[in-house]
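Reader: I am in my first year and still learning how to read a protein model. Please take me slowly through one part of this one, the aromatic rings and their surroundings, and explain the reasoning as you go.

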Amino acid sequence: MARAVTNQRKTVNTVVAWAIGLLIFFPVLWTVLTSFKTEAEAIADPPLFFFFNWTLENYSVVQERSDYMRYLWNSVVIAGCSTLVGIVVAIPAAWSMAFVPSRRTKDVLLWMLSTKMLPAVGVLYPIYLIFIELGLLDTRVGLVIVMMLINLPIIVWMLYTYFREIPGEILEAARMDGAPLRNEIVYVLTPMAVPGIASTVLLNFILAWNEAFWTLNLTAAKAGPLTAFIASYSSPEGLFYAKLSAASTMAIAPILILGWFSQKQLVRGLTFGAVK
């Protein structure tokens, strides 16, 4: 009887998990399907699912209209550099908070996290003026700085959580053997926290890749990433749904592929230290 109840619960959990997964994945699937429709079929009522005239015309038009590779390169540079700089800054900060805490460490962590609750539009105007004065408007360097700063609280919090799971005695042993602080962090701490660091890198790369508010407000033609590429398919006359879906599919495809091949590492890192 107990085994039957357990099997029934497992079946229910599996069905619910699949239902939630399909619900989350459906918008992506619908975007991909719409990208292969004509504009008339994209706005058809009732909607057309799989039975329509499949076409690659939208992808051809998008390629002819826009320099996709330039937008893609901008996204790679901005997301990659902002994540790399953020990791370099966050590792020493997380080390200090995890292994040399003070009475105010938790307050600092909460304050850093609270900055994520600040509406971005509330600081857009001063940042815009600063960027104009420094010549950073519509530059990849400017966006790297902004992306690094807005994601830094998350990076520090994640690394702090992972570092807390590492026994401090190991670092003390390295210190007693004469290892300087730099070697302690680079050669002792970092290798032990590779799963956590890897998952932090992946998550923040995805966040930087998908950021739209700052990229649309601080870039124009030169440094625009793929989020600007997608936004270029709106017009005063309305949205070209099929072409917009094609542009969106081209923008999310690289990050979906990266997430697919990195899912094991991401899950491993997110569960790092969960089981002792």
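Author: Two rings of Phe, Tyr or Trp, with the six-membered ring used for Trp, are called a pair if their centres lie within 6.5 Å. Please keep in mind that this is a predicted model. With that definition in hand, one aromatic cluster can be named, formed by Phe36, Phe52, Trp54 and Tyr59. A charge is also found at this cluster, since the charged end of Lys37 sits over the ring of Phe52, at 5.3 Å from the ring's centre. Elsewhere, the charged end of Arg70 is placed over the ring of Tyr71, 4.6 Å from its centre.

Across the whole structure, the search finds 10 aromatic pairs. One of them joins Trp157 and Tyr160, whose ring centres are 6.4 Å apart and whose planes meet at 80°; planes over 60 degrees apart count as edge-to-face, and that is the name this pair receives. The two residues are three places apart in helix 7, so about one helical turn separates them. Their surroundings can be compared with the 20% limit under which a residue counts as buried: Trp157, with a relative accessible area of 26%, is partly exposed, whereas Tyr160, at 9%, is buried.

A second pair, Phe205 and Trp209, has ring centres 5.8 Å apart and planes at 35°, so it is classed as tilted. These two residues are four apart in helix 10, which again means a separation of about one helical turn. Both Phe205 and Trp209 are buried.

Trp209 leads us into the interior, because a nonpolar core is built from buried residues of certain kinds, joined through side-chain atoms. The largest nonpolar core has 31 residues, and Trp209, Leu218, Leu226 and Phe229 are those with the most contacts inside it. Several helices each supply at least two residues of this core, including helix 4 (68-99), helix 10 (194-210) and helix 12 (226-231), while helix 13 gives the most, with six residues. If residues up to four places away in sequence are not counted, Trp209 touches Leu72, Ser75, Val76, Ala79, Leu226, Thr227, Ala251, Pro254 and Ile255. Apart from this core lies another, of 26 residues, among them Met97, Phe163, Ile185 and Leu189.

Finally, to place these rings along the chain, the domain assignment gives domain 1 as 7-58 and domain 2 as 66-232, and the centres of the two domains, taken over C-alpha atoms, are 34 Å apart.

Methods. Residues are numbered from 1 along each chain as its sequence is written. This is a predicted model: local features need pLDDT of at least 70, side-chain atom pairs count only at pLDDT 80 or more; totals for chains, interfaces and linings use all residues. Side-chain values use heavy atoms; hydrogens and water are left out. Domain bounds come from an automatic or database domain assignment. A nonpolar core is a set of buried Ala, Val, Leu, Ile, Met, Phe, Trp, Tyr and Cys residues joined through side-chain atoms within 4.5 Å. Buried means under 20% relative accessible area, exposed over 50%, partly exposed in between (1.4 Å probe, protein chains only). Contact means heavy atoms within 4.5 Å. Rings of Phe, Tyr and Trp (its six-membered ring) pair if their centres lie within 6.5 Å; planes under 30 degrees apart count as stacked, over 60 as edge-to-face and the rest as tilted. A charge sits over a ring if NZ of Lys or CZ of Arg is within 6 Å of the ring centre and within 35 degrees of the ring normal.
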